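Please open the model in your viewer and keep the selection tool ready. We will go from stop to stop, picking side chains as we go.

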Amino acid sequence: MFNSDKDFIKQLKLLFSSLFSRAMTKVVVGCPELKDNEFIFSNIKLEEIQMYEPDPAFFIHRVEVLETQFMNDLFELFPFFKDTCCLLYSDKFLSTIGKHVVKLSEIQVFMNNENIDICVITSNKTPLVVTCAEIISEHDALQYKRVFDSALIDPMCATAQDITDSIDVKSDYSVIDLNFFKDRICKFVHPAKGYVSIKEYPNKAVLLDFSYTAYAINDKTSLRVNTVFKSPSVNVTSVQPSMIWFTKPKNKENENE
């Protein structure tokens, strides 16, 4: 491994916990149409994506990890991240690894029928085996990506607005004015536990340079919105597949809203 055990665990927590403030616990690994360093994070259960019905509470994120040395360490310790199509449950994964008290190299990974089990050594020196992922079909992995793609906006055809300073980190959600129309008002709601956690991730990752942008395209009086978070460590494109935002005309009473 390139990183020390301590540094690796820190980066692991940043990616699988802090990035979305522990909200996106389903992680598609090994999707055929994504690169080895790209994952799909979501709050959609496997059975919900298999029998997909639109729900405004659903989020899907394509996450590109840019730290090559961390990725190489991840592949070394947990080879299924490189060679298996599976759905990782990040909360169980991190909780299990957090109970491990000896060197990370002593963690064992087992394929158990359709599950992936992680074996760690706990403080009383006994092994603990927990199912942290399940092997899924390429069809199911691609279904997450198909739903993601259905809501994806082409940035070249969209209107962009930096929203970094519009996030209220003290609130559970932020109401953001999107200034895309001269004659209409549009407000976009950014839930703290739906998108990238601007409150948690930049601070814990000690990011001095990052951007957070909303992209929108309009269909007459409604908008579809994506967000894109870019940093030296990760790039994240986020969608709410079934959510559109309606505008209203400006008038003398609300033109300054």
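**Charges over rings**

Select K82 and F75: the charged end of K82 sits over the ring of F75, 4.9 Å from its centre. Keep in mind that this is a predicted model. Now pick K92 and Y89. Here the charged end of K92 lies over the Y89 ring, 5.6 Å from the ring centre.

**The largest core**

Next, show L12, F16, F78, F81 and F93. In the largest nonpolar core, which has 59 residues, these five touch the most other members. Colour helix α1, residues 5–18: this helix gives the most to that core, with six residues.

Centre on F78. Leaving aside neighbours within four places in sequence, F78 is in contact with F8, F93, I97, I107, V109 and I118. Then move to a second, separate core of 20 residues; I40, L46, F58 and I60 are among them.

**Aromatic rings**

The whole structure has 18 aromatic pairs. One of them joins F78 and F81, edge-to-face, with 6.4 Å centre to centre and 70 degrees between the planes. Both residues, F78 and F81, are buried. Widen the selection to F16, F20, F39, F41, F78, F80, F81 and F93, which form one aromatic cluster.

**Cysteines**

How many disulfides does the structure hold? Zero. Select C85 and C31. The C85 sulfur has its closest cysteine sulfur in C31, 6.7 Å away, too far for a bond. C85 counts as buried, at 12% relative accessibility. Finish at C119 and C132. The closest cysteine sulfur to that of C119 is in C132, 11 Å away, so no bond can form at that distance. C119 is buried too, with a relative accessible area of 8%.

Methods:
Residues are numbered from 1 along each chain as its sequence is written. This is a predicted model: local features need pLDDT of at least 70, side-chain atom pairs count only at pLDDT 80 or more; totals for chains, interfaces and linings use all residues. Side-chain values use heavy atoms; hydrogens and water are left out. A nonpolar core is a set of buried Ala, Val, Leu, Ile, Met, Phe, Trp, Tyr and Cys residues joined through side-chain atoms within 4.5 Å. Buried means under 20% relative accessible area, exposed over 50%, partly exposed in between (1.4 Å probe, protein chains only). Helices (H or I, at least four residues) and strands (E, at least two) are DSSP runs, numbered from the N terminus. Contact means heavy atoms within 4.5 Å. A disulfide is a pair of cysteine sulfur atoms within 2.5 Å. Rings of Phe, Tyr and Trp (its six-membered ring) pair if their centres lie within 6.5 Å; planes under 30 degrees apart count as stacked, over 60 as edge-to-face and the rest as tilted. A charge sits over a ring if NZ of Lys or CZ of Arg is within 6 Å of the ring centre and within 35 degrees of the ring normal.
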